Amino acid sequence: LLYSAIPSELAIKKLNLNSQKECGRIDFKPDDHRETFFYSNRGILAANDDFIVYAYCYKKQIDIYRVDDMKLHLRITDPSAKPEIRIGDFEHTKQYYVNVIATSRYIYALLNGKDDSLSMEVLDFEGQPVAKYDFTIAPFLFDVDEVNGYMYGYNENYEDYLLRYKINL
């Protein structure tokens with residue numbers, strides 16, 4: 001089992017379900033304040049059988065770790081995208097990654113754009129871009145059916161609807 005230990009710890013933990021013992025962890029440096037929601041290293045976790053994907057909420061950065069040894073495989077970052085965190089001020093805090101999914105083939109990362117529009121970056125596990133999708137109605141929660149070529153999602157502003165998008169990879 002892989003899970004994010006926030007808010008008690010800024011870490012990703014790997015738990016052996018048979019022994020119920022921790023068998024790996026990735027620690028992140030917390031900031032010098034107690035508002036865990038606004039930690040600069042806060043992120044969203046996704047995993048498949050081989051990789052752990054950690055997409056940062058307040059940085060344009062994705063870290064990819066190997067599941068077996070929990071070592072960093074690749075860091076994808078945009079140094080020109082500067083963090084803008086104002087503790088307690090959601091309106092003026094710049095959020096980058098909103099959600100992420102790791103399939104066996106690709107990483108699907110929902111990204112908050114410059115004008116608060118949402119787009120989807122699709123990357124392979126070597127960090128190479130595969131596709132980019134822009135949304136009129138973005139799926140805040142989503143999953144991908146790569147076999148049939150669809151993404152299914154949910155947007156709380158359209159709660160009576162299941163969103164379906166055709167993907168071409």
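**Strands, burial and salt bridges: how the labels are earned**

Visitor: Which residue in E3 is the bridge partner of Asn16?

Guide: Lys21 in E3 is the bridge partner of Asn16. Names such as E3 mark DSSP runs, numbered from the N terminus (helices are H or I with at least four residues, strands E with at least two). This is a predicted model, in which local features need pLDDT of at least 70, side-chain atom pairs count only at pLDDT 80 or more, and totals for chains, interfaces and linings use all residues. Residues are numbered from 1 along each chain as its sequence is written, and side-chain values use heavy atoms, without hydrogens or water.

Visitor: How do you know that E2 and E3 pair?

Guide: Count the bridges. Pairing requires that DSSP finds at least two bridges between two strands. E2, residues 11-16, is joined to E3 by 6 bridges, so the two count as paired. They run antiparallel.

Visitor: What makes E1 and E3 edge strands?

Guide: The sheet is open, with 3 strands in the order E1-E2-E3 and antiparallel pairing. E1 (2-4) and E3 (21-27) each have a single partner strand, so one side of each is left without a neighbour in the sheet. Neighbouring strands here are turned by 25° against each other on average, direction ignored. Those angles come from axes fitted to C-alpha atoms, for helices over the stretch in contact, and run from 0 to 180 degrees between N-to-C directions.

Visitor: Why is Leu1 called exposed or buried?

Guide: By its relative accessible area, which is 51%. Buried means under 20%, exposed over 50%, partly exposed in between (1.4 Å probe, protein chains only). Leu1 passes the upper limit, so it is exposed. Leu1 sits in the segment before E1.

Visitor: What makes Leu1, Tyr3 and Leu17 a patch?

Guide: They form a nonpolar patch on the surface, with about 300 Å² of accessible area together. Patch members need over 30% relative accessible area and no salt bridge; like charges are joined within 9 Å, nonpolar side chains (Val, Leu, Ile, Met, Phe, Trp, Tyr) within 5 Å. The areas come from the Shrake-Rupley method with a 1.4 Å probe, and for residues only the protein chains shown count as cover.

Visitor: Why is Asp63 called buried or exposed?

Guide: Asp63 has a relative accessible area of 0%, so it is buried. It lies in strand E6, residues 61-66.

Visitor: What makes the Asp63 and Tyr56 pair a polar contact?

Guide: Distance first. Their side chains meet at 2.6 Å. A polar contact needs a pair of N or O atoms within 3.5 Å; within protein, one must be able to donate a hydrogen and the other to accept it, and residues adjacent in sequence count only if both atoms are side-chain atoms. The Asp63 side chain makes another such contact, to the side chain of Tyr65 at 3.4 Å.

Visitor: What is notable about phi of Met70?

Guide: Phi is near 60°, a positive value in a residue other than glycine. Met70 belongs to the hairpin of E6 and E7, which has 5 residues between the strands. E6 and E7 (residues 72-77) pair in the antiparallel sense over 5 bridges. In E7, Ile76 is the bridge partner of Ile62. Met70 has a relative accessible area of 8%, so it is buried.

Visitor: And why is Gln20 called exposed or buried?

Guide: Its relative accessibility is 65%, so it counts as exposed. Gln20 lies in the loop between E2 and E3. It too has a positive phi, about 55°, although it is not a glycine.

Visitor: How do you know that Lys13 and Glu9 form a salt bridge?

Guide: Their N to O distance is 2.5 Å. A salt bridge is a side-chain nitrogen of Lys or Arg within 4 Å of a carboxyl oxygen of Asp or Glu, so this pair qualifies. Lys13 is buried at 10% relative accessibility, while Glu9 is partly exposed at 28%.

Visitor: Which residue does Glu9 meet in strand E3?

Guide: Arg25, again with 2.5 Å from N to O. This pair links distant parts of the chain: Glu9 is in the loop between E1 and E2, Arg25 is in E3, and they are 16 residues apart. Glu9, Lys13, Glu22, Arg25 and Asp27 are linked in a network of salt bridges.

Visitor: How many salt bridges does the structure hold?

Guide: The structure holds 8. One of them joins Lys60 and Glu121 at 3.0 Å, N to O. Lys60 is in the loop between E5 (51-56) and E6, Glu121 in E10 (residues 118-123), 61 residues apart. Glu121 has a relative accessible area of 14%, so it is buried.
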